[in-house]
Amino acid sequence: MDFKDLLTDRYAAKAFQDRTIPEETIQELLEMIRLAPSGLNIQPWRIKVVADRATKAELLALAPDEPQIGGCSHLLVFCAHTDWEAQTQKLGRTMKEKTVPDKIWGIVMGIAAEMATEPEDELYAWIVGNVYMAATYGLLGAEALGLDACPMTHFPPAEFSRVLGLPDAVKPVLLVAVGYAADEPKPKWRYPLSDILL
Ligand SMILES: Cc1cc2nc3c(=O)[nH]c(=O)nc-3n(C[C@H](O)[C@H](O)[C@H](O)COP(=O)(O)O)c2cc1C
């Protein structure tokens with residue numbers, strides 16, 4: 001599919017058919033998400049894939065305005081990984097394994113150390129911005145694979161963490177429900193460029 005068509009054809013599906021995405025297609029989608037870029041290439045995201053009906057029903061009960069949670073084939077719970085120290089160490093080790101030049105290694109590790117001193121909420125906001133990048137790859141990847149998807153932030157993160165048994169350092173940020181839509185796209189509207197250009 002032409003990339004421009006992909007951007008215009010995708011829409012936030014609110015209803016899904018009772019049809020399961022084949023496992024290999026889900027793996028393809030996750031591979032696409034894995035390619036998302038991030039600041040410092042630190043990849044500060046974790047994704048919980050929920051396909052089990054009972055768990056989706058339990059999550060839907062916590063966000064009853066979002067029927068996509070229960071109706072989709074797979075619910076991707078995009079999470080922020082907030083343990084900066086652990087991620088910085090992993091990044092440092094991995095850059096060595098990937099033979100990143102010492103000069104670049106030093107610059108990246110210096111920035112990561114500097115960021116560790118930022119107020120916690122600023123660092124969290126930065127991590128969340130990166131998680132959105134991965135989720136965007138998920139939304140567009142789904143469309144490219146002939147799937148439909150809906151991004152959602154209207155859910156209670158702490159309660160989702162409890163149901164999913166997520167570690168403390170991993171915070172749900174955004175959901176992407178994927179499957180085969182049972183609804184039709186509504187007319188797409190966006191503000192004109194003149195409204196958004198400064
Ligand atoms: C960050 C974000 C959060 C969203 N949260 C929800 C949500 O909680 N529930 C929902 O039904 N749609 C949600 N949406 C879908 C938007 O309403 C939808 O993308 C927007 O109206 C534009 O329509 P389109 O995606 O069909 O082009 C969200 C979209 C984004 C990007």
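The exercises below, each with a worked solution, concern a predicted model of a protein chain.

**Exercise 1. Overall fold and dimensions**

Determine how many helices and strands the protein chain has, and in what order the elements run.

Solution. Step one is the count: the protein chain contains 9 helices and 4 strands. Step two is the order, which from the N terminus reads α-α-β-α-α-β-α-α-α-β-α-β-α.

Which radius of gyration does the protein chain have, and which value would a compact globule have?

Solution. A compact globule with 198 residues would have a radius of gyration near 16 Å. The protein chain has 18 Å, which agrees. The box filled by the C-alpha atoms, taken along the principal axes, is roughly 50 × 45 × 35 Å.

**Exercise 2. Burial, surface and contacts**

State what percentage of the protein chain is buried, and what area it exposes.

Solution. Of the 198 residues, 39% are buried. The exposed area of the protein chain is about 11,400 Å², and 57% of that area comes from carbon and sulfur atoms. As for contacts with a separation of 6 or more, 82% are accounted for by residues 24 or more positions apart. For the charges, the protein chain carries 19 positive and 28 negative ones, and their mean positions lie 3 Å apart.

**Exercise 3. The nonpolar cores**

Identify which residues of the largest nonpolar core touch the most other members, and which elements supply at least two residues each.

Solution. The largest nonpolar core has 33 residues. Within this core, L40, F78, W84, V176 and V178 touch the most other members. Next come the contributing elements: at least two residues each are supplied by helix 2 (23–34), helix 5 (84–97), helix 6 (102–116) and helix 7 (120–144), and also by strand 2 (74–81) and strand 4 (170–179). Helix 7 gives the most, with 8 residues. A second, separate core has 21 residues, including Y11, V170, L175 and A181.

Which residues does V176 touch, not counting residues up to four places away in sequence?

Solution. With those neighbours set aside, V176 touches H74, L75, L76 and F78. The list also holds A135, L139, A149, C150 and P151.

**Exercise 4. The loop between helix 2 and strand 1**

Which residues does G39 touch, not counting residues up to four places away in sequence, and is G39 buried or partly exposed?

Solution. First, place the residue: G39 is in the loop between helix 2 and strand 1. Second, classify it: G39 has 25% relative accessibility, so it counts as partly exposed. Third, list the contacts, which are W126 and N130. G39 and N130 are 91 residues apart along the chain, with their C-alpha atoms separated by 7.2 Å.

Give the phi values of N41 and Q43, and their accessibility.

Solution. N41 lies in the loop between helix 2 and strand 1 (45–50). Its phi is near 60 degrees, a positive value in a residue other than glycine. Because its relative accessibility is 46%, N41 counts as partly exposed. Q43 is in the loop between helix 2 and strand 1. The phi of Q43 is near 50 degrees, a positive value in a residue other than glycine. At 32% relative accessibility, Q43 counts as partly exposed.

**Exercise 5. A distant pair**

How many residues separate E58 and L123 in sequence, and what is their C-alpha distance?

Solution. E58 belongs to helix 3 (residues 53–62). Its relative accessible area is 43%, so E58 is partly exposed. E58 and L123 are 65 residues apart in sequence, and their C-alpha atoms are 31 Å apart in space.

Notes. Residues numbered from 1 in each chain as written. Predicted model: local features only at pLDDT ≥ 70, side-chain atom pairs only at ≥ 80, totals over all residues. Heavy atoms only, no water. Core = buried A, V, L, I, M, F, W, Y, C linked by side-chain atoms within 4.5 Å. Buried < 20%, exposed > 50% of the residue type's maximum accessible area, 1.4 Å probe, protein only. Contact = heavy atoms within 4.5 Å. Rg over C-alpha atoms; globule rule 2.2 N^0.38 Å. Areas by Shrake-Rupley, 256 points an atom, 1.4 Å probe, with all protein chains shown as cover. Lys, Arg positive; Asp, Glu negative; His and termini not counted. Charge placed at Lys NZ, Arg CZ, Asp CG, Glu CD.
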